[in-house]
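Trainee: I'd like to learn how to read a few features off a model like this one. Could we start with burial and go on from there?

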Amino acid sequence: MSEHVDVVVIGAGISGIAAGYYLQQRCPRKSYLVLEGRADLGGTWDLFRYPGIRSDSDMYTLGYAFKPWTAGKAIADAEDIMAYLREAATENGIDSHIRFQHRVTRAEWSSDNNRWALSVEQGATGEAIQVTCNFLLGCSGYYNYEAGYTPEFAGTDSFKGRIVHPQNWTDDIDYAGKMVVIIGSGATAVTLVPALAGKAEHVTMLQRSPTYVVARPATDPFVTRLRRGLPEAWVYSLVRWKNVLQNMFLFWYARTFPQRAKAMIIRGVSDAVGPGVDVDRHFTPTYNPWDQRVCLVPDADLFVSIRNGQASVVTDHIERFTERGILLKSGDTLQADLVVTATG
């Protein structure tokens, strides 16, 4: 079986839905399909199910220009983001163009025919079909949806607990009252630590080196004030541009005055975690701000969990896993019932 459309979009995540909208608006006479290998839209936000999963950018800049973000939190939970994406697809008729469980396995361009020929596997039946198009747009993300990156650690076979990558989180993972070690210091790690800290006996974030971490309110007070007297569309537009310009300025400031920016970030961390935490060792990177990405924590939740003793940070290298935990190159051992590899 073969089908021809003007445009094929691969992926029904944030970018794929946006592509469908703008194709309809700017190329209304062009036919299009969105081919999605999974059983639902949302991409990243449908794939990841680990506790606390949320955006690490504010939804006024991550969201669509054509659909105001009206939820309370600017730093939003995955559930709210999925609801937003479903509304965007349904309200604009994009959902009728999406073919779920249609995985593109091969794409070949023919200069003779001036078109793409796509081999597509239907997940429900296993049937192989062909779709041809004049223009192919890949909105499929930048990482492997089948398996997250996990380094090879010596001794994992001897570990008596459970090792899980956040991408493979399932509902049967029990961390209540357990000693948990999260390997990593990026956005996933700083999200998981406070999310698990409330139920686990203790959560340790184990990192090779520190990352810049900044806190900001999950709910923007500027939005709250604007909503008292302005229409929602105006609020969204004003806050979107306020955040875009603010982020541009902060990036410029960090790159132009790196030592000042570094001191400002570290001072904020020091005030948030309180005494007793070696901020120089655990939260002061050797590089300048925005040489690598800066991690955002809403309402300082990571720092709160450290300050109240539910969580801690260890900066060291892994020597090997043991039966009951992780032996570090310093000679120290971290006890663990559950290890989460937030390693990419």
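Mentor: Sure. Burial first: a residue counts as buried when its relative accessible area is under 20%, as exposed when it is over 50%, and as partly exposed in between. Keep in mind that this is a predicted model.

Trainee: Then is T204 buried or exposed?

Mentor: T204 has a relative accessibility of 7%, so it counts as buried. You'll find T204 in strand β9, which covers residues 202–207.

Trainee: Which residues does T204 touch, leaving out those up to four places away in sequence?

Mentor: On that count T204 touches V180, V181, I182, S312, V314 and L334.

Trainee: How do I read burial for a whole helix?

Mentor: Go through the residues and see how many are buried. Helix α5, residues 187–197, is mostly covered, with eight of its eleven residues buried. Those are A189, V190, T191, L192, V193, P194, L196 and A197.

Trainee: What covers the buried residues of α5?

Mentor: The cover includes strands β8 (179–183), β9, β11 (295–298), β12 (311–315) and β16 (338–341), along with helix α10 (301–307). So β9, the strand that holds T204, turns up again as part of the cover over α5.

Trainee: And for a strand, say β2: how many of its residues are buried?

Mentor: Five of the five residues in β2 (residues 32–36) are buried, so the strand is largely enclosed by the rest of the structure. Look at both faces: Y32, V34 and E36 point one way, L33 and L35 point the other way, and all are buried.

Trainee: Which strand is joined to β2, and how do the two run?

Mentor: That's β1, residues 2–10: four bridges join β1 to β2, and the two run parallel. For one pair you can pick out by eye, V34 in β2 is the bridge partner of V9.

Trainee: Now backbone angles. What should make me stop at a phi value?

Mentor: Most residues other than glycine have a negative phi. Here, Q101 has a positive phi, near 55°, and is not a glycine. N114 is another non-glycine residue with a positive phi near 55°.

Trainee: Where are Q101 and N114?

Mentor: Both are in loops. Q101 is in the one between β3 (98–100) and β4 (102–110), while N114 is in the one between β4 and β5 (115–122). Q101 counts as partly exposed because its relative accessibility is 34%, and N114, at 47%, is partly exposed too.

Trainee: Last one: how do I look for internal voids?

Mentor: Rolling a probe the size of a water molecule over the atoms shows where empty space is left. In this model there is one cavity of 30 Å³ or more, and the largest cavity has a volume of about 30 Å³.

Trainee: Which residues line the largest cavity?

Mentor: I14, M59, L62, G63, Y64, I81, Y84 and L85. The elements giving two or more residues to that lining are α3 (59–62) and α4 (78–91), and α4 gives the most, with three. By type, the lining has seven nonpolar residues, one polar and no charged.

Trainee: How about the protein as a whole?

Mentor: There are ten helices and 16 strands, and 44% of the 344 residues count as buried. The C-alpha trace spans about 65 × 55 × 35 Å along its principal axes. Among contacts between residues at least 6 apart in sequence, 67% join residues at least 24 apart.

Technical notes:
Residues are numbered from 1 along each chain as its sequence is written. This is a predicted model: local features need pLDDT of at least 70, side-chain atom pairs count only at pLDDT 80 or more; totals for chains, interfaces and linings use all residues. Side-chain values use heavy atoms; hydrogens and water are left out. Buried means under 20% relative accessible area, exposed over 50%, partly exposed in between (1.4 Å probe, protein chains only). Contact means heavy atoms within 4.5 Å. On a 1 Å grid over the protein atoms alone, a cavity is a set of points where a 1.4 Å probe fits but cannot get out, and a pocket is an open set with protein on both sides within 12 Å along at least five of seven lines; lining residues have an atom within 4 Å of a point. Grid points are joined across faces, edges and corners, and a volume is the space filled by probe spheres set on the points. Ala, Val, Leu, Ile, Met, Phe, Trp, Tyr, Cys and Pro count as nonpolar, Asp, Glu, Lys and Arg as charged, and the others, Gly among them, as polar. Two strands pair if DSSP finds at least two bridges between them.
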